[in-house]
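Q: Got a minute to go through this one with me? I'd like to start with a single side chain and work outwards.

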Amino acid sequence: LLCVRLFNPDMYTGLTRIGKGAFGVVYKGIWRGGGTKFDVAAKLMPVSTNIGDRCVLHDIFTEILILDSHRGDARSCRMYDYGLDGENYWIVMKPYKCSLKKWRSEQTAPLSKNLPLYLNIFM
């Protein structure tokens with residue numbers, strides 16, 4: 001996560017901004033490598049440049065550890081890659097149709113009816 005030479009951001013092309021969060025910006029793009037290509041979502045978080053900036057490295061490291069520990073669990077986002085390009089920390093994931101927050105806000109059934117669904121997702 002801290003070594004620029006271990007990550008190649010040039011493999012990700014056609015990045016188009018699709019959202020912004022507390023830590024950074026999310027882009028949709030295409031991974032190209034080994035003669036194949038597929039869609040990805042790349043979350044880019046800026047590297048702190050001065051002492052007054054918010055340090056997000058701990059939060060990013062924790063997010064990567066959580067995603068990696070849930071690798072293979074269909075209830076969790078699939079992380080493909082992560083790294084540093086010198087200006088931004090990257091987390092590259094499978095793209096989804098919407099965020100969990102948006103999906104939850106679109107649920108219209110009462111909590112009692114959706115509780116089994118929510119428990120299956122979060123447990």
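Q: First up, W90: buried or exposed?
A: W90 is buried, because its relative accessible area is 4%, under the 20% cut-off. Keep in mind that this is a predicted model.

Q: How many aromatic pairs are there in the whole structure?
A: Six turn up in a search of the whole structure. One of them joins F7 and W90: the ring centres are 5.4 Å apart and the planes sit at 50 degrees, so this pair is tilted.

Q: Where do F7 and W90 lie?
A: F7 is in the segment before β1, and W90 is in strand β5. They are 83 residues apart in sequence, so the pair ties those parts together. F7 is buried too, at 6% relative accessible area.

Q: Which residues make up the cluster with W90?
A: Ring pairs link W90 with F7 and Y12.

Q: Switching topic. How do β4 and β5 pair?
A: In the antiparallel sense, over five bridges. β4 covers residues 79-84 and β5 covers 88-93. D81 stands opposite V92 in β5.

Q: What about the turn in that hairpin?
A: Three residues lie between the two strands. Among the turn residues, G86 has a positive phi of about 105 degrees.

Q: Back to solvent. Y118: buried or exposed?
A: Y118 counts as buried at 7% relative accessibility. W103 is partly exposed, at 23%.

Q: Why is the W103 and Y118 pair called edge-to-face?
A: Their planes are at 85 degrees, so the pair is edge-to-face; the ring centres are 6.1 Å apart. W103 is in helix α2 and Y118 in helix α3, 15 residues apart.

Note on methods. Residues numbered from 1 in each chain as written. Predicted model: local features only at pLDDT ≥ 70, side-chain atom pairs only at ≥ 80, totals over all residues. Heavy atoms only, no water. Pairing = 2+ DSSP bridges. Helix = DSSP H or I, 4+ residues; strand = E, 2+ residues; numbered from the N terminus. Phe/Tyr/Trp six-rings, centres within 6.5 Å; stacked < 30°, edge-to-face > 60°. Buried < 20%, exposed > 50% of the residue type's maximum accessible area, 1.4 Å probe, protein only.
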